[in-house]
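This briefing covers strand pairing, salt bridges and surface charge in one protein model. Please keep the sequence and the 3D view open while reading.

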Amino acid sequence: MNKYLLEIGTEELAYKFIPSAMEQLKAEFTKALEENEIKFSDIKIYATPRRLTVVVEDLPEKQEDVLKTVKGPIATVAYDENGNLTKAALGFANKNNIAPENLFKQDNYVWAKIEQKGKDTKELLKSIVPSIITKLKGTHFMRWADLDIKFQRPIRWIVSLFNNEVIEFEIADVKASNITRGHRFSKTELKIDNPDVYLTELEKANVIADVEKRKATIVKLATEKAKEINADIVMDDGLLDEVTFITEWPIPVICSFEEKYLEIPEKVAVTVMAVHQRYFPLYKDGKLLNKFITISNYVGDVFENIQAGNERVVRARLEDAIFFVKEDTQKPLVSYLEDLKGVTFQKGFGSVYDKTQRICTLSKSIAKELNAPMADVERTALLCKADLVTKLVFEFTELQGYIGADYAKRSGETEEVVKGIEEHYLPLNADSDVASGIEGQIVGIADKMDTVVTVFADGKKISGSNDPLGVRRATLGILKTVLQKGLDINLTELLKQTIELLPVQVEDKTALFNTVKDFFEQRLIVLLSDKYKHDVLEACISEKDVLSDLKDFINRLNIVSEIIKKENYAQFHEAINRIIRIIKNEKEFGSVNTALFNNNSEKELWNAALIINENQLTYKELEDKLITIIPYISDFFENVLVMDKDEAIKQNRINMLNSIKQKFSKIADFSKIVF
């Protein structure tokens with residue numbers, strides 16, 4: 001079968017754009033081919049810093065011929081009183097290029113059968129492909145020369161081949177051809193005879209276009225290089241991806257630096273190498289070595305300049321780090337607190353020092369609620385932001401918390417405080433672990449709650465592209481910590497206390513409380529949506545203050561998830577929802593007067609309901625009891641008219657049904673369950 005190859009050759013692309021471009025190309029090609037009814041078996045995407053490539057397999061020579069039935073004007077319009085075709089019918093025939101005698105009448109309309117010849121695939125690709133290229137989106141798109149087209153980097157060449165035939169088109173003054181380019185240090189131009197030889201021909205020119213193969217090559221070669229000096233290499237997935245997308249022909253090179261730089265905190269040295277310089281750190285017996293591997297995008301066998309250049313850069317960065325550590329540690333961590341007064345937390349909401357005082361107050365409240373070690377929690381809260389004004393954190397902002405913990409240890413703080421300072425930022429994202437120590441858990445919750453409330457108090461809106469101070473992440477962090485660690489924290493009361501501590505006057509505290517509470521509940525649904533059905537989550541949140549007791553919420557979720565799986569749930573669902581439908585528009589309910597009962601069915605239902613004390617039963621026990629009254633509810637609706645002509649009897653029955661509904665509502669609002 002036929003194959004189509006597209007290669008967009010560019011100046012070096014930003015590595016963060018490449019994965020997005022690969023996804024966009026696959027999606028757009030799939031969409032365009034399907035819309036044009038062109039069949040294919042697979043679309044493969046390749047990429048390097050200098051090229052984006054698409055290979056479409058098993059294409060037909062042309063679209064399939066299609067016989068379409070087209071609807072024309074209504075018969076009364078298409079024929080005159082003598083049964084002859086009118087101008088409307090003749091115009092319809094002419095428009096569809098068929099003889100008038102081939103029109104036919106069906107369902108009181110005129111119809112035409114039109115044979116649509118399939119278009120040539122190569123001709124279709126000529127129009128499809130340029131459109132796909134110009135649809136690609138990303139950050140920092142640019143214009144170059146005097147061209148109107150925008151792209152992530154200037155386009156320098158285009159390969160467009162249907163088997164061995166060039167599919168001609170032009171973009172940005174670049175004409176498609178069968179000529180590609182190899183590595184910058186290898187062959188400049190390279191002819192591709194057909195898509196099947198594309199990958200192998202590029203490898204001959206020192207380009208591994210297949211992303212996964214290039215990544216595997218990096219892992220293999222770097223691991224082998226590390227073994228040459230009996231070292232172990234640690235390859236962070238994010239760094240590995242980044243290095244994969246900035247190389248075409250990866251070659252590992254071992255570099256080193258003086259051992260004196262190992263005196264600085266290990267994470268600082270690793271950050272310098274991995275985050276700032278894209279190097280892979282090397283270890284031996286679990287200890288960081290003064291050696292690292294850089295992946296060069298190089299063709300050749302002379303590496304002295306590569307080693308010297310990388311070593312010079314990393315040495316300068318490590319020299320800065322060791323200087324900052326020496327400067328910072330001349331005084332204890334606690335002495336930096338005063339400097340926090342000069343750092344604004346959020347405009348209108350005081351300094352970071354002010355925020356720290358609020359964190360201390362909230363942390364003490366939580367510690368008291370959990371009966372946690374008060375002294376360690378209070379000390380952790382006091383020092384948790386002190387490292388923000390150190391020279392090392394100013395240079396390496398991503399290490400806040402970790403540097404604070406290191407300096408706290410050097411200052412003689414307890415192990416619990418040290419750990420709490422480091423962990424209070426956790427979890428860092430949706431996949432990150434939560435703090436393992438109670439100090440970090442408590443202070444982290446207090447810190448994040450203060451951040452969330454101040455952002456909402458400032459009137460900021462949270463949207464997909466706008467999340468000031470990471471409010472969504474902070475909210476999920478609080479919920480994950482409470483749920484995963486089983487903390488008995490009343491987040492409702494904590495939220496109210498946080499609002500009271502705000503350094504600004506809030507006109508409507510109730511409105512602010514409800515806004516933040518709703519946001520927490522939305523995030524809670526997002527957090528648990530992988531484990532529980534959406535309607536179950538909605539049912540268990542409805543009519544309940546779930547933030548006051550998340551353990552209770554999880555218990556109810558589990559119970560409802562089991563209830564809806566049972567064979568008799570249809571009867572259960574119908575019984576409670578029939579009650580809900582009848583009383584949903586009622587505003588007031590009173591007590592039940594048994595003297596007004598005049599039907600055995602309502603007496604039996606009430607007697608069965610009376611023995612269920614929902615406030616003294618576990619949810620499992622309550623579920624079992626509620627199941628026993630389902631037959632009584634069914635019998636009641638079979639034999640009793642709720643809307644009795646006697647207003648007193650009617651209201652009494654409504655009161656009884658409301659009382660029964662409350663027993664079900666103790667678990668969930670079952671009207672939210674989709675069944």
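The points below are grouped by topic, beginning with an overview.

The model is predicted. It contains an open sheet of four strands with antiparallel pairing, and 46 salt bridges are counted in it. A negative surface patch is also found, made up of Asp146, Asp148, Glu170 and Asp173.

**The four-stranded sheet**

- The strand order is β13-β15-β16-β14. The edges are β13 (232-233) and β14 (250-256), each of which pairs on one side only.
- β13 and β15 run antiparallel and are joined by two bridges. Here Ile233 is placed opposite Leu282 of β15.
- β15 is joined to β16 by four bridges, again antiparallel. Pro281 has Phe292 in β16 as its bridge partner.
- Between β14 and β16 (residues 287-297) there are seven bridges, and these two strands are antiparallel as well. Cys255 has its bridge partner in β16, namely Phe292.
- Phe292 is thus a bridge partner of Pro281 and of Cys255.
- β15 and β16 form a hairpin with two residues between the strands, where Asp285 adopts a positive phi near 55°.
- Strand β15 (residues 280-284) is largely enclosed by the rest of the structure, because four of its five residues are buried.
- Strands of a sheet pair through backbone hydrogen bonds, in parallel or antiparallel fashion.

**Salt bridges between buried residues**

- Glu7 and Arg51 form a salt bridge, with 3.1 Å between the closest N and O atoms. This pair connects distant parts of the chain, 44 residues apart: Glu7 belongs to strand β1 (residues 2-10) and Arg51 to strand β3 (residues 51-59).
- Glu7 has a relative accessibility of 0% and therefore counts as buried. Arg51 is buried too, its relative accessible area being 0%.
- Arg358 and Asp450 form a salt bridge through their side chains, at 2.6 Å from N to O. The two residues are 92 apart along the chain, with Arg358 in helix α10 (residues 352-370) and Asp450 in helix α15 (residues 438-457).
- Arg358 is buried at a relative accessible area of 6%. Asp450 counts as buried at 0% relative accessibility.

**Other salt bridges**

- Are the partners in the salt bridge of Lys565 with Glu562 buried or exposed? Lys565 is exposed, with 64% relative accessible area, and Glu562 is partly exposed, with 43%.
- In this salt bridge the closest N and O atoms of Lys565 and Glu562 are 3.8 Å apart.
- One network of salt bridges with shared partners takes in Lys3, Asp42, Lys44, Glu57 and Asp196.
- Side chains of opposite charge can pair when their charged atoms come close.

**Surface charge and a partly exposed lysine**

- Within the negative patch, Glu170 is located in strand β9 (residues 170-171). Its relative accessibility is 43%, so Glu170 counts as partly exposed.
- Lys391 is part of helix α12 (residues 391-395). With a relative accessibility of 42%, Lys391 counts as partly exposed.
- Lys391 and Asp447 are 56 residues apart along the chain, and their C-alpha atoms are separated by 23 Å.

Key. Residues are numbered from 1 along each chain as its sequence is written. This is a predicted model: local features need pLDDT of at least 70, side-chain atom pairs count only at pLDDT 80 or more; totals for chains, interfaces and linings use all residues. Side-chain values use heavy atoms; hydrogens and water are left out. Patches are made of residues with over 30% relative accessible area and no salt bridge: like charges are joined within 9 Å, nonpolar side chains (Val, Leu, Ile, Met, Phe, Trp, Tyr) within 5 Å. Accessible areas come from the Shrake-Rupley method with a 1.4 Å probe; for residues, only the protein chains shown count as cover. A salt bridge is a side-chain nitrogen of Lys or Arg within 4 Å of a carboxyl oxygen of Asp or Glu. Lys and Arg count as positive and Asp and Glu as negative; His and the chain ends are not counted. The place of a charge is taken as NZ of Lys, CZ of Arg, CG of Asp or CD of Glu. Buried means under 20% relative accessible area, exposed over 50%, partly exposed in between (1.4 Å probe, protein chains only). Two strands pair if DSSP finds at least two bridges between them.
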